[in-house]
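Trainee: Before we start, could we go through this model one question at a time, with the reasoning spelled out at each step?

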Amino acid sequence: MTVDEASPEGQRERERLERAWDTQPGIVGWLSNIHHKAVGKRYIATAFVFFALAGVEALLMRIQLARPGSHLLNPDLYNQIFTMHGTTMMFLFAVPVMEGVAIYVVPLMIGTRNVAFPRLNALSYYMYLFGGVFLYVMFFLSMGPDAGWFAYVPLAGPEYAPGKRVDVWAQMITFTELSALLGAVELVVSIMKMRAPGMSLNRIPLFVWAILVDSLMIIFAMPAIMAASSYLILDRLIATHFFNPAEGGDALLWQHLFWFFGHPEVYIIFVPALGMVSTIVSTFSRRPIFGYTAMVLALVSTGFIGFGLWVHHMFATGLPQLGLSFFSAASMLIAIPTGVQIFCWIATLWLGRPRLELPLLFVMGFVVIFLIGGLTGVMLASAPLDQQVHDTFFVVAHLHYVLIGGALFPLLGALVYWFPKMSGRMLAETPGKWAFWLLFAGFNLTFFPMHQLGLRGMPRRVYTYPAESGWGNLNLLATAGGVVLGVGLLVLLADVAWSVRRGAVAAASPWGGDTLEWATTSPPPEYNFVYPPTVGGLNALWVATDQQPVVAGLRSDRREVLITRTVDAQPDHRAVLPQDSIWPFLTAVAISFTFVGSIFRAWFVPVGAVPVLIGLVGWFWPRGEPLPREEAAPRRQLALEDQP
Amino acid sequence: MSFGLHSAVDPSGPQAARIAQLWWLMFWVSAGVFVAVTAFLFVALFRSAVSRQRTAGRAEAQRRTGAVVGGASIVTALIIVGLLLVDVSTTRALATAPAAAPLRIEVVGHQWWWEVHYPDETPSQAVTTANEIHIPVGRPVALELTSRDVIHSFWVPSLQGKRDLIPGHVNTAWLQADVPGLFHGQCAEFCGAQHAHMAFLIVAEPERSFSAWLADQRRPATAPASADETQGQAVFLSLPCALCHTVRGTSAWGQNGPDLTHLASRRQLAAGTLPNTHGDLAECLMDPHRVKPGVKMPPTPVESGLQALLAYLESLR
């Protein structure tokens, strides 16, 4: 059977799909929307709002530190601001924005119509949103956390942090860890079970591989912080003594638990960026990525080794020498898979015909900046050197080189790359290039001098410093760089705001990419594909001919998707995805009520369980029409011709 | 004000020197790697269309590139192993204290000051001071570090790497100054509102002047000599000061704040926040929260006796 989207039958199919996947208008419809593209875009937009807030906090800190002995911010406010900056960037921007991009792109890239558990997906977004809003409401009420984004005990414990500030922090962690876990679970299942027929493991695009590794890392890393933040809350609320040395607890236990999550967290932010870079390098070199297998292995081994490095955050705590050397070795080792990937990207560019358009420009900025961050990372992996520069501005420089260079630049490149797909319009390139150069120059101006500040003895997290220290001029330079960085971001924001309305209309595949998201219109319809595609090779669209089969035979009058087998992606069975529902939103409200209340009174936990239960009952209440008898009979054959 | 040296790359002791060597090795290796990788990146991006034509689609070019990528990966691994060996040997060297009999010093971290003990076999000969640590030049110093409240970190950039002070743990470290001088030390672990003002001073001096200093510190406080000082002492003992501070030889035996027995002999006030001058001392007494917002010391409710109190404190040499 051949199918043609333009034929009358294709037209009818399209109309049926539109009815089945339509969302309700109005505010209730908006809150009930469980489409992955809507949720993904909300994730990204929300994350950038938090990014802007954290950026303002960063500028306030830079202005405070521009001169020695400044009195702009008092220490109480400064400590809240640096805690909010770190917490926001790590928990409310970097991780969610990567998940948001994945939620938007992955189902398109694997050629399906939604994620595996769309309602869970919506719940995950609302938990993230409410957690972030909760944190900022408390901050504006002067109840913002002030013990650092790492909340070391005993400073964050009941004795030295009375009041609710640290409880706010710990409970915000609960919100975001729940959200990240839900997102990760649904991405893993989608990638394993919903890939287009023919997309066997060895044909999965590298971005999807990166997201798979990343989501599995989230699933293994989050329980550690979940345990840690729960212990902390219990210590604070009901006087358990997990971290109290006077009662047999241990202050170092917190650090082990926190960094067992905290270091993989860095890779959770970085691994999706690797996938983005591979995608962009391949598309703009106009050739398949060099060393696909090596790249996949590098991603997977990064995921494993990332769990064996946490002690390098604790080199100054007085651990035994052998332990230090072991973790030094693991920390240095991780440079090897990263190196392999950089070499493969260079080889791809070398053998291809690169076009230096805006997304690739951001990726080139990434390579240069990240390389510096990676090399200082090797230095920090060395225990003796780390004992000198640990907790100084050298580390501030390093981590921004790694996170801004390693994650923000690829992310911006990826957003420029997928902007036409998401908005249906092209991003204006000239202001984009201006923005890039401002960001690149501003970034280096801000953070490069910090290496020297750290070596010359300036510790982190100080709200001021004496003039005699001689740190004033480098700090002034860094502040000036921060302003340039901010201007660059504003230029990019203006470009996006303009292009979303006035940009040139985008074709289905403006860059000539090889992955399946470019096989549908820009922006894609709610159901993504009229006929879901199949895959005949690693670079799906580059190897596809006119004869490449599509998936037909799925029912189009309800939300049906094709489930394929994990390894070879051969069709397995059909599944029906749920209808839009307000219940994920209501359940999120109920859970948030419980979480927020429980930092004030422990009895909110049992009391809050009631609305949560009501929410879940509403969520799972069977309300679709029962299957007609003949539908329950043997399944229709999938009309898949010449399976690849 | 006396502000000590504070640079990790300008070392004045054997440990910092060893680490600085490691730093320069790492720096030059990193610089080499950075230049090589960016050079390849630029050529890959901008090499001419003609040379691209030659390699386009050729299986041999593909193989050659594969060999280069493989080679580069192996070189990366070798560099990593090399650096690791240097790292491990440095770790060992730093952990091994020299044979010479070390001077023992105990340091206890507090929010936001440093309690310093020079223990002695005869308990009455032990010395307690704060925020200013005198050490003899050329002799290793064995440190025992702990904390009474939150986690702090002991760091003298010119002499040694950091070591944390953790409540419930006693960490050991050693350091040594090869030249006499003032070295700036600083808490490096975020410890609350006044983390920024938790500095200390290492005074490295020849063995003889160190011994003289230690002998001075062993003495109880000087008795008031003038009428002003006598009145000041009475003010001090009648105010809440004595609840937190110790002045040995008087009835002031408080343990929550720095020992003031020889306050006037110290170069700085409030853990390196201000120089120890008349005006600054007055400010610290009258309005400590202006000097160090959030500090645990309340303003001193002194009305007419301020000058006498200052005179007394300044006599505590």
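Trainee: At which residue does helix H14 of chain A bend?
Mentor: This is a predicted model, and in it helix H14 of chain A covers residues 393–423. The helix changes direction by about 40°, with a proline, Pro420(A), following within four residues of the bend. The residue at which H14(A) bends is Tyr417(A).

Trainee: Is H14(A) largely enclosed or largely open, and how many of its residues are buried?
Mentor: A residue counts as buried if 20 or more other C-beta atoms lie within 10 Å of its own. H14(A) has 31 residues, and because so many of them pass that test, the helix is largely enclosed by the rest of the structure. The number of buried residues is 29.

Trainee: Which residue follows H14(A), and what is the sign of its phi?
Mentor: The residue after the helix is Gly424(A). Its phi lies near 80°, and the sign is therefore positive.

Trainee: Which helix gives the most to the side of chain A that touches chain B?
Mentor: The contact takes 70 residues from chain A and 65 residues from chain B. On the chain A side, several helices supply at least two residues each, among them H4 (75–109), H8 (251–285) and H12 (358–381). By class, this side has 45 nonpolar, 18 polar and seven charged residues. The helix that gives the most, with twelve residues, is H11(A).

Trainee: At what angle do helices H7 and H9 of chain B pack?
Mentor: Two packed helices are described by the angle between their axes and the distance between the axes. For H7(B), residues 278–286, and H9(B), residues 306–314, the axes are 11 Å apart, and the crossing is right-handed. Residues of the contact include Leu281(B) and Leu285(B) of H7(B) and Leu309(B) and Leu313(B) of H9(B). The packing angle is about 115°.

Trainee: Which residue of chain B is among those that touch the most other members of the largest nonpolar core?
Mentor: That core has 301 residues, and Ala94(A), Val106(A) and Val208(A) are among those touching the most other members. The chain B residue in this group is in contact with Ile133(B), Val156(B) and Phe183(B), among others, once neighbours within four places in sequence are left aside. Its name is Ile202(B).

Trainee: Why is Gly249(A) classed as partly exposed?
Mentor: Gly249(A) lies in the loop between H7 (206–238) and H8 of chain A, where its contacts include His241(A) and Phe243(A). Being buried would take 20 or more other C-beta atoms within 10 Å, and being exposed 12 or fewer. Gly249(A) is partly exposed because its count of other C-beta atoms within 10 Å is 19.

Methods: Residues are numbered from 1 along each chain as its sequence is written. Chains are lettered from A and ligands numbered from 1 in the order in which they are written. This is a predicted model: local features need pLDDT of at least 70, side-chain atom pairs count only at pLDDT 80 or more; totals for chains, interfaces and linings use all residues. Axes are lines fitted to C-alpha atoms, for helices over the stretch in contact, and angles run from 0 to 180 degrees between N-to-C directions. A crossing is left-handed if the near helix is turned anticlockwise from the far one by less than a right angle, and right-handed if clockwise. Two residues are in contact if their C-beta atoms, placed from the backbone, lie within 7 Å. The bend at a residue is the angle between axes fitted to the seven residues ending there and the seven starting there. Ala, Val, Leu, Ile, Met, Phe, Trp, Tyr, Cys and Pro count as nonpolar, Asp, Glu, Lys and Arg as charged, and the others, Gly among them, as polar. A nonpolar core is a set of buried Ala, Val, Leu, Ile, Met, Phe, Trp, Tyr and Cys residues joined through C-beta atoms within 7 Å.
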